[in-house]
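This report describes the architecture of one protein chain, its central strands, its charged contacts and its surface. The sequence and the structure are shown first.

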Amino acid sequence: MKFFVDTAEVDAIAELNALGMVDGVTTNPSLIAKSGRDILEVTKEICDMVEGPVSAEVVALEADAMIAEGRKLAEIAENIAVKVPLTWDGLKACKVLSDEGKMVNVTLCFSANQALLAAKAGATFISPFIGRLDDINIDGLDLIEDIRTIYDNYGFDTQILAASIRTANHMAECAKIGADVATAPPAVIKNMANHVLTDKGLAGFLADIEKAGIKIV
Ligand code: E4P
């Protein structure tokens with residue numbers, strides 16, 4: 001499973017990138033607003049830093065305007081994936097931009113039917129939102145499983161980009177289901193390294209190291 005980092009904070013991306021943990025980046029208008037940076041400037045900086053796809057989201061609601069914004073975003077760098085919302089207009093924009101050879105990430109997906117439409121419209125990525133479904137007591141992981149089944153049934157190339165990930169557990173579950181990509185905030189990715197038994201084991205070893213005076217260098 002590829003790891004995308006769900007942030008527009010360049011320092012956090014750089015830290016994970018240095019460890020080889022970054023296969024791509026996703027941003028959205030909320031994350032850009034949180035960074036306090038200009039969208040074109042910060043997106044260019046991220047594209048220069050990361051080799052994989054960098055999702056940048058349109059802000060228009062109507063298809064022609066989304067297409068114009070998508071074309072402008074795609075000019076930033078070759079690794080831009082234009083992000084459009086899963087509305088009827090978003091699907092129209094997806095089809096046009098995909099036919100032009102641009103990567104398109106269709107976002108705000110909350111149902112298997114929406115994912116089916118995005119694949120038909122030529123999406124490179126479909127972004128089902130796990131956490132926001134969990135927030136309303138619907139199991140978001142079930143949606144990832146359903147989309148996996150549908151895409152495999154018909155051999156769709158659209159990659160499942162599990163989004164709105166809130167916990168390290170979501171990451172392991174997505175990998176078990178076979179999501180192609182998971183995008184998570186830096187803190188969630190770092191939290192994947194934590195285990196209480198690792199901490200306990202290390203405390204025991206440290207006590208023995210001190211007692212025995214073990215030194216290596
Ligand atoms: C990424 O593409 C999505 O925009 C993001 O994962 C949404 O996450 P949130 O539901 O935590 O805002």
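## Overall architecture

The chain has eleven helices and eight strands. It is shown here as a predicted model. Taken along the principal axes, the C-alpha atoms of the chain fill a box of roughly 70 × 40 × 30 Å. Of the 217 residues of the chain, 45% count as buried.

## Strand β5 and its neighbours

Strand β5 comprises residues 103–109. Five of the seven residues of β5 are buried, so this strand is largely enclosed by the rest of the structure.

On one pairing, β5 is joined to strand β4 (residues 80–85) in the parallel sense, over five bridges. Within this pairing, Lys83 has Asn105 of β5 as its bridge partner. The connection from β4 to β5 passes through helix α5 (residues 88–99), and this β-α-β crossover is right-handed.

β5 also pairs with strand β6 (residues 125–128), again in the parallel sense, over three bridges. Here Val106 stands opposite Ile126 in β6. From β5 the chain crosses through helix α6 (residues 112–120) to β6, in a β-α-β crossover that is right-handed.

## The annotated residue Lys83

Which residue does UniProt list for "active site"? The unreviewed UniProt entry lists Lys83 under that heading. Lys83 lies in strand β4, and its bridge partner in β5 is Asn105. Is Lys83 buried or exposed? Its relative accessibility is 5%, and because buried means under 20%, Lys83 counts as buried.

## Salt bridges

The count of salt bridges comes to 13. The table gives three of these contacts, with the separation of the closest N and O atoms.

| Basic residue | Acidic residue | N to O distance |
|---|---|---|
| Arg37 | Glu45 | 2.6 Å |
| Lys95 | Asp99 | 3.0 Å |
| Arg148 | Asp152 | 3.1 Å |

The pair Lys95 and Asp99 belongs to helix α5, where the two residues are four positions apart, about one turn of the helix. Helix α5 is also the element through which the chain crosses from β4 to β5. Asp99 is exposed, with 57% relative accessibility, whereas Lys95 is partly exposed, at 40%.

A like spacing is found in helix α8 (residues 140–154): Arg148 and Asp152 are four residues apart in this helix, and therefore they are separated by about one helical turn. The two partners fall into separate accessibility classes. Arg148 is buried, with a relative accessible area of 13%, while Asp152 counts as exposed at 51%.

Salt bridges that share partners also join Arg37, Glu41 and Glu45 into one network. Within this network, Arg37 and Glu45 are in contact with their closest N and O atoms 2.6 Å apart. Arg37 is partly exposed, with a relative accessible area of 27%. Glu45 likewise counts as partly exposed, at 33% relative accessibility.

## A nonpolar surface patch

Which residues form a nonpolar patch on the surface? They are Leu202, Phe205, Leu206, Ile209, Ile214, Ile216 and Val217, and together they have about 830 Å² of accessible area.

Two members of the patch illustrate where these residues are placed. Ile209 is situated in helix α11 (residues 196–212). Its relative accessibility is 35%, so Ile209 counts as partly exposed, a class that lies between under 20% and over 50%. Ile216, in contrast, belongs to the segment after α11. With a relative accessible area of 81%, Ile216 is exposed, because that class begins over 50%.

Ile216 also gives a sense of distance across the model. Its C-alpha atom is separated by 52 Å from that of Ile138, and the two residues are 78 residues apart along the chain.

## Summary

In this predicted model, β5 pairs in the parallel sense with β4 and with β6. Both connections are right-handed β-α-β crossovers, one through helix α5 and the other through helix α6. Lys83, listed by the unreviewed UniProt entry for "active site", is buried in the model. The charged contacts include pairs about one turn apart in helix α5 and in helix α8. The nonpolar patch on the surface includes Ile209 and Ile216.

Terms used
Residues are numbered from 1 along each chain as its sequence is written. This is a predicted model: local features need pLDDT of at least 70, side-chain atom pairs count only at pLDDT 80 or more; totals for chains, interfaces and linings use all residues. Side-chain values use heavy atoms; hydrogens and water are left out. Patches are made of residues with over 30% relative accessible area and no salt bridge: like charges are joined within 9 Å, nonpolar side chains (Val, Leu, Ile, Met, Phe, Trp, Tyr) within 5 Å. Accessible areas come from the Shrake-Rupley method with a 1.4 Å probe; for residues, only the protein chains shown count as cover. A salt bridge is a side-chain nitrogen of Lys or Arg within 4 Å of a carboxyl oxygen of Asp or Glu. Buried means under 20% relative accessible area, exposed over 50%, partly exposed in between (1.4 Å probe, protein chains only). Two strands pair if DSSP finds at least two bridges between them. A crossover is right-handed if, with the strands pointing away from the viewer, the path from the first strand over the helix to the second runs clockwise. UniProt positions are given in the numbering used here, feature names are shortened, and annotations may be inferred rather than shown by experiment.
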